[in-house]
Every structure is written in C-alpha cells, then in structure tokens.
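Thanks for sharing this one with me. Here are my notes, set out as numbered points so you can follow along with the model open.

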Amino acid sequence: MIVNKRNNVLELRGKRFIQAAKSNQNGGASMNSQKIVTSEQLINLQAQLKNIKAFWQLENQPFEGILISVHYNKIAAKSNRISGLFKGNKSNDAVVGAKYNENKNKHIITYFLDIEDLDYSIELLSQTIKILDESFQGRIDKSIFDSEIVFGNQKKNKKGTVRFEHSLLKKSRFKQVVADASYIDNFEVEKATPQLRHSIITLFDTRTDTKTLLRKIGIDVLSARILEKNTVFLDENQVKLLFEKAPYLVSMATSDLLELSPDDFIKAYPKEILSMPSPSIEPTIGVIDTLFDEQVYFSKWVEYYDMVDENIPKTTADYNHGTAVSSIIVDGARLNPWLDDGCGRFKVRHFGVATASSFSSFTIIKKIKEIIMNNPDIKVWNISLGSNQEINDNFISAEAAVLDQIQYENDVIFVVAGTNKPSANIIKIGSPADSINSMVVNAVTKSGLSTKYTRKGLALSFFAKPDVSYYGGSEEQYIKVCKPLGGGEVSGTSYAAPWIARKLSYLIDVLGLNREIAKAMIIDAARCWNEKPTPEEVALYGHGVVPIKIDDIVQTKADEIKFLVSDISEKWNTYNYDFPVPLKGDKYPYVTRATMCYFPVCERTQGVDYTNTELHLKFERIQDNGRIKARSGDKQNQDSIEDERNYLLEGDARIEFRKWDNVKYVAEKFTNRSGSKKSFNRKNWGMEVTTSNRLNPKDGIGLRFGVVVTLKAIDGINRIDEFIKNCTLNGWLVAELDVQARIDINQKVQEDIEFE
C-alpha cells in the first residue's frame, strides 16, 4: 500500500569511513594500443629536440632552463604522460602548463627542463633507435611490447628474448621510452597570441622570481601588481614589450578591464512604504557587489562597507545593482510571493567593491581575498559581478582561480551569477562564472526555459558550468527588487544567484549541514530522476532548475529514502560497507542515484588539467567476492594489475563518468520496466570514494566530501522506518532533517543568556 506522505531527508553520522592505501602502486609502462612506434618516428622526434635545443641556445633568454611543449596524440591520462624520456619518473613534476589542441581532442603539455635534460633525452632516443633497429626490425607494436616471450624474465632464457643486460639500455627504460613515444605527435616551443591592452598575465614557472624575470626583459613592476608568484598586472606598454621580447614566457593572458554584465531594469515605480522588523538571529550572507544605498527600507538588515576608492566619483546608478541583489537576500520572498522559498529573511554583510562602470578585475581580486580573510564567520557569499568577455577554453580566469583557491583553503562557498549577454555575438559565460568550486547559477523564465540573455558554459570545454539554474526574470515574469529610488522589475543572472545563496545559507547556517552536503543537495534536487542531459543542456542549465520550496530539497517523496553522508579522504580508498538497504524477500526493489561534491585544490598554471584531485564515487551492493559491484563500463581506479589492463580511456572517463570534475552524479534510469536487484551473501551496500592526484600525492589528503543518496522503491512502498531501524542496529546515528526542529534548536543556540 502506498502511503501518501513525504519523508524527511536522513543524515547518517557516527560511523567513520575506513581508509585504505592502494595495493597496486605501479603496473609498469603501458604502450598506446593504437600506435606502432618506428625508428623513423623516433628519428623525427630527436630532430625536433635538437632544433629546440638550438633555439634556446640562440635565444637571449632571461632565465636558466628551457620550455618545451609536447603535443600528445590523445587526451592523455597522467599515466600516459612522458615518464622516461625527459626526467624519468619526475617528468610530471616538470609540467608547467596544459591546454587542448584546436579540436579539443588532444593534450598539449608544457614542461620546464634544464638543458642537460634535453641532452639526456636526445641520447636516450639514440640508444632506443639503435635497439629498435637491431632487435625489432625498426618497429614495435602493443602485442610485441606486452609479450612475455620478448620481455619476459631474462633468467628463463626463452628463445627470442632480447638481452637488455648487455644492451645500451635496461629493459624498463627502453620500454618506457617506447611507451612515451607512442603517445607523442611532436615537440614544439609555444608562443602566446599577443594582447594589446591592460592585462593580467600568467607566466610559465621557470623557477625565477617574477620581478627579476621581468626586469631582465626591461619591465619594472611593483610588488603590489603581482597577484600570485607567476601572475602579474601589466599596462599596455609592458604587455607589448613582453610579447615582443619573450612571447614563449606567457602561459595565460586576459584583459584586466571588466564591465558589469548588463542587466535589465525594466520598470521603476515609486518607493513603497514597507515596514521591517529588526533583525535577530537570522544567518548572514556576504555580498560582494556594487555599492549599497543605506536609505532603503531594509537597511538595518545590511551591514555595509564601501571599499571603492573615495576619489572615484559615484552616481545613483552605482547603487542600483548591489542594492537590488541585497534586497532579494533580505526580503525577496515578500517582494516576489511566487518565489517564496520558505527560507525566511537573511541579514547581509555587503561590500561595495565596484561602480556600475568598468573596473579592474585585478583590484577586485585583491579586495575579495582581504574580505574573506577578515570575515571568517560568513559561510555563504554572493557575487553577481561578471565580465562581458567570454572565458578561455584553455585556462580558468584569474578571478575564478582566486575564488577556487579561497574555497579550498576556507570553509566557505561562493554563489556566482552566470553572466548575461552584452551582445548577440557573445555566447560563452564570462569570469568568474568559470570558478569550479563555486556554485554558478544561470537564469530561466517562470516556465523554466532558458532566457534570451543567458550565456553558455562549459568551462575548459568539460566542467559543468553553470552548476544549476533558477528564476532570474523575463518578459513572462520579472523579479521585483528594491533599488535606491524605489522598486524595480529586473531580469538577469544577477537576480537568480541570490535565491540560491539563500537556500545554501539555510542548509548550512540553519540546518547545520556542511557546505559539501549543502551543494550536493541543491544539485541533486535540480537533477532529480531526469534523463541524462545533453552537453547543450548542461551548457545552458547546468544540472537543472532548482525547486522553489526549501521543503522540496529537505524532504522527499513517500516512495523514496534519501540520506546524507560525509567524511574526509585520507588515503586512496575511503570506504564504508555498512549501509543496510531494506530487502523485499531476497531482492532490492530500488533504483538509486548518488550526488557527491567536494572542493579540491586547483592549479591555474596547469591549464586544462586544472583540478589536482579526483574523487571517484561508487555506491552499490557488495558482491560475494567482497567488492562493490561496478557501474557498467566503469573501469576507473582499479586496485589490481589485472583490472588495470582493461583500463578506461581518459577521454571516455571524462565524458561518461565526469573524471576530474568536482561534482559526481551517478544515477540509474527510473522507468516502468525498472526491476529489482538481486542480493548477495553480504546484505549491506557499500560506498567507496577513491582518490587520484595529478601533481602532489598529498593534495587529496584531508579532502572532505559530501554525498546525497536516494533509493526509489519501484513498488511504491515506503520503507524509511525499516531503513532507520536497520541503520541504528548497524551503529549509525540517524537524524531526520526536521526543518521546524532544526529551526527551534538554532533559535535556542542563538538566544542570549542573562546570568543573575
């Protein structure tokens, strides 16, 4: 019998995940199965290295060492990158940049090497060419490379075995050079396309102090103009000089001049006399925007800081945008009854960092870092400022990178507007909407369709940006706001983002959830059981449109069990095999989905390989062999050499399973033909979160993740009470997200106590 009610979301605590290191650390060199390595190819590669050496010897360079770019023949996984030809197993440490080719189907990775490394590579190729000619008729393919007859144990003295102990190279080094070559198209020295205006320039890391490096070119910069160790703000003349003398130094370049992404103030009307109670224990959301008018009716709810240079003239227009954004956060539900989310009112700490005209993104970045550092009590920050320019396909903007770094280092989350079209020919989103750790919000109409002003993701041609969509106003129904001279009806992504900031603050500050879980709940609610969106749909809507009511996020249907778990990754595998999913007979009558979010360290200088840590999620039944049943086709992060021989191609892993994305969504289709799943000897289900790192193996240590799991009963039966009972018997502490109970607790905690 189907019970007509809703279930509260459950939070499971009290049982820590178990940490386990990876038993298989190295499966040895692996050759590209689609390629045949020939002596002719190696001779061509060697000639290219010699030409590059000659280039650097002739160049009057301002640093010691060389920059060399490797054009790979595919999207190269970390295990497919050069690991023998340059600096042995330390080759990956020499990576200073990564981008895609024009078709975005191949990697171009830039390395910083010593000149001696290049000499070593040239000699290695000479020795490999000689062995290839003498013992392999000048060619080797995957079958020969993997052959035990050819590359078996030398002591067995099998017929046909190459005696590498008497050759120029050891067997392992020879195989590694051949494997490296099987993934390489060619070598080049990259030179950036010139910029002709004030720019934020990121230089390749050449182990040279930035001020010293630029001084040798003839450019003197103040320390205050250096954002990070390799990122600097240069004026137009300095930019021109840099590109004339050392274009090979430029890793990334973006214009510094930003303009407020345009919004529509459709209609203004006289100021209404609205009354507001005094603020009390309501949570505070941080707003970083244009200026705020302290004469508006809700001003006592806003703590305002003007951070714009006092010498810059200010007009009424400079107060419109920021005041309107804060009005939604404070009193948006009353101004727009159709968007009453049930979250109540919020206080605002508003930082005016820009005027309505153009402004310096370099200056804004500096101010944001200062603001966050000085306001550690605020967890949710709204940024509805954005660039009119499109993001770059090969690197994250400087503004977004700073937001990502702040979120990795601090327990905060940014909600960022997806930016609006300034003209018909601007299609892609603008910075900082390419921030990977932030919650980026696009706008939809009241009917849930993309608006005419909405711009598209993706970020780095891969990351799902925007994350979600929400109602931002359109001709169908505009958003009502308060601005300095009265009320206004507006539209824009700037007015969609504050609604998501409200929901996140409610989940974090009122219900007490961590930001990882809160972000996952918003995304999970937007996706629901919908079909897998197309890349075009993701570029416009992200994971989907977030429900209006907070109850639709913290409650679920009667035939669903939704629970939350969170922990910290310390080793390769973080797992828990104690999820007692209720049975019907000897089967599980459910389809499942799971959404995971985490905030990884990111490295802008790595270009398209931006996120340093990958967390891979599994939630399934535990098979009789003690291992979690894998999703169909998912061969990532295997723990044995035998399994890794059937590895998944890097490009396929990114498309099918969102490898390197910091949001994971794993879902089964729910249809009328969905059937029950068989159970194994061990009746519990398990969750595994496996960790991979691109650069520093320690990057993933201490990384918190949050997972939202939904079990939907295909027979419509509500089994939540049985699940709670089973969890309690298995040692879990189960807490229902009872909204009213959490509000009561929050109010009690915030009450002032008077001592007699």
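1. A residue is called buried here when its relative accessible area is under 20%, exposed when over 50%, and partly exposed in between. On that scale, 58% of the 756 residues of the chain count as buried. Please keep in mind throughout that this is a predicted model.

2. On the overall build, the chain has 18 helices and 36 strands. Among the contacts with a separation of 6 or more, 82% are between residues 24 or more positions apart.

3. Now to the nonpolar interior. The largest nonpolar core has 73 residues, and L507 and M521 are the members that touch the most others in it. Helix α11, residues 497-510, gives this core its largest share, with nine residues. There is also a second, separate core of 68 residues, with L45, Y100, I140 and V178 included in it.

4. M521 deserves a look of its own. Setting aside residues up to four places away in sequence, M521 touches V9, L507, L513, I553, V554, L564, V708 and L737. L507, then, is both a partner of M521 and, together with M521, one of the two residues with the most contacts to other core members.

5. How many cavities of 30 Å³ or more does the structure hold? There are three of them, and the largest has a volume of about 130 Å³. Its lining is made up of 13 residues, and those nearest the centre of this largest cavity are I364, I368, I383, E399 and P432. By class, ten of the lining residues are nonpolar, two are polar and one is charged.

6. Which helices contribute to that lining? Both α9 (361-374) and α10 (398-409) supply at least two residues each to the largest cavity. The largest share is that of α9, with four residues.

7. The second largest cavity has a volume of about 50 Å³. Around this second cavity you will find I436, F463, A464, K465, D467, H543, D661, N662 and V663. By class, its lining has four nonpolar, two polar and three charged residues.

8. Two peptide bonds are worth a check by eye. The bond from S431 to P432 is cis, with omega near 0 degrees. P432 sits in the loop between β21 (413-417) and β22 (439-444), and P432 is also among the residues nearest the centre of the largest cavity. The other bond runs from G457 to L458 and is likewise cis, with omega near 10 degrees. L458 belongs to the loop between β22 and β23 (468-471).

9. I would also flag two residues for their backbone angles. Q137 is not a glycine, yet its phi is positive, near 55 degrees. Q137 is placed in the loop between α2 (115-136) and β8 (139-140). T419 is not a glycine either, and has a positive phi of about 70 degrees. The loop that holds T419 is the one between β21 and β22, where P432 is found too.

10. Are Q137 and T419 buried or exposed? Q137 has a relative accessible area of 69%, so it is exposed. T419 is at 2% relative accessibility and therefore counts as buried.

11. What does a search of the whole structure for disulfides find? The count is zero. Two cysteines can still be placed by their surroundings. C482 counts as buried because its relative accessibility is 6%. C528, at 32% relative accessibility, lies between the 20% and 50% limits and so counts as partly exposed.

12. Last comes T254, in strand β13 (residues 250-255). Its relative accessibility is 18%, and T254 therefore counts as buried, given that the cut-off is under 20%. Apart from neighbours within four places in sequence, T254 is in contact with H198, S199, I200, F395 and R604.

Definitions and conventions
Residues numbered from 1 in each chain as written. Predicted model: local features only at pLDDT ≥ 70, side-chain atom pairs only at ≥ 80, totals over all residues. Heavy atoms only, no water. 1 Å grid on protein atoms, 1.4 Å probe; cavity = no way out; pocket = protein on both sides within 12 Å on 5 of 7 lines; lining within 4 Å. Points joined across faces, edges and corners; volume = space filled by probe spheres on them. Nonpolar A, V, L, I, M, F, W, Y, C, P; charged D, E, K, R; others polar. Core = buried A, V, L, I, M, F, W, Y, C linked by side-chain atoms within 4.5 Å. Buried < 20%, exposed > 50% of the residue type's maximum accessible area, 1.4 Å probe, protein only. Contact = heavy atoms within 4.5 Å. Disulfide = S-S within 2.5 Å.
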